[in-house]
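Me: I'd like a close look at one part of this model: the nonpolar core and what sits around it. Could you walk me through it residue by residue, keeping it relaxed?

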Amino acid sequence: MKMPKSISNLWRDMAHSAVEMLAENYKTMFMLDNARNILIDLAKEYSSNEKLAEVTDKQYGAGCADYIANAIKIYYGL
């Protein structure tokens, strides 16, 4: 199902903001200059590790791991 352009743009903007906030948190938490690599690894793990995604979804809500993984992939053009 294809989303209308306005919803698609809204989702992209929300995902962009979420990844920027996540990147800032990771940079602070791990004392990084750039969080790109660690976030890309996180997206790969959420996409390939069903148990990790399940635990994340249980703690933060259903679909959270998938949302984060997709948001990171879109943000970094993967």
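Reply: Here is a walk from the core outwards, through its contacts, its aromatic pairs and the charged pairs.

Keep in mind that this is a predicted model. The largest nonpolar core is made of 18 residues, and the ones with the most contacts inside it are V19, L39, L42, Y46, I68, I72 and Y76. Three helices each give two or more residues to this core: α1 (5-30), α2 (36-48) and α4 (64-75). Of these, α4 gives the most, with six residues.

L42 is a good place to start. Leaving out residues up to four places away in sequence, L42 touches L22, Y26, I68 and I72. I72, then, is both a contact of L42 and one of the residues with the most contacts inside the core.

Next up is I40, which lies in helix α2. At a relative accessibility of 9%, I40 falls under the 20% cut-off and so counts as buried. Again leaving out residues up to four places away in sequence, its contacts are I72, Y76 and L78. So what about the distance between I40 and Y75? They are 35 residues apart in sequence, and their C-alpha atoms are 9.9 Å apart in space.

That brings us to the tyrosines. Y75 and Y76 form an aromatic pair, edge-to-face, with 4.8 Å from centre to centre and 85° between the planes. Y75 is partly exposed at 29% relative accessibility, while Y76 is buried, with a relative accessible area of 18%. Y76 is the partner that I40 touches, and it is also on the list of residues with the most contacts inside the core.

The count of aromatic pairs comes to two. The other one is Y26 with F30, a tilted pair with 5.5 Å between centres and 55° between the planes. Y26 and F30 are separated by about one helical turn, because they sit four residues apart in helix α1. Y26 is buried at 16% relative accessible area, and Y26 is one of the residues that L42 touches. F30, on the other hand, counts as partly exposed, at 41%. F30 also helps to make a nonpolar surface patch of about 270 Å², along with M29 and I38.

Now over to T56, which sits in helix α3 (residues 50-60). T56 is buried, with a relative accessible area of just 6%. Not counting residues up to four places away in sequence, T56 touches Y46, G61, C64 and A65. Y46 is a familiar name here, being among the core residues with the most contacts.

Last, the charged pairs. Side chains of opposite charge can pair when their charged atoms come close. The structure holds two salt bridges. In one of them, K27 pairs with E24, the closest N and O atoms being 3.1 Å apart. K27 and E24 are about one helical turn from each other, because they are three residues apart in helix α1. Both are partly exposed: K27 has a relative accessible area of 25%, and E24 comes in at 44%.

K51 and E54 make the other salt bridge, at 3.6 Å from N to O. Both lie in helix α3, three residues apart, about one turn of the helix. K51 is exposed, at 53% relative accessible area, whereas E54 is partly exposed, at 45%.

Definitions and conventions. Residues numbered from 1 in each chain as written. Predicted model: local features only at pLDDT ≥ 70, side-chain atom pairs only at ≥ 80, totals over all residues. Heavy atoms only, no water. Core = buried A, V, L, I, M, F, W, Y, C linked by side-chain atoms within 4.5 Å. Buried < 20%, exposed > 50% of the residue type's maximum accessible area, 1.4 Å probe, protein only. Contact = heavy atoms within 4.5 Å. Patch = residues over 30% accessible without salt bridge, like charges linked within 9 Å, V, L, I, M, F, W, Y side chains within 5 Å. Areas by Shrake-Rupley, 256 points an atom, 1.4 Å probe, with all protein chains shown as cover. Salt bridge = Lys/Arg side-chain N within 4 Å of Asp/Glu carboxyl O. Phe/Tyr/Trp six-rings, centres within 6.5 Å; stacked < 30°, edge-to-face > 60°.
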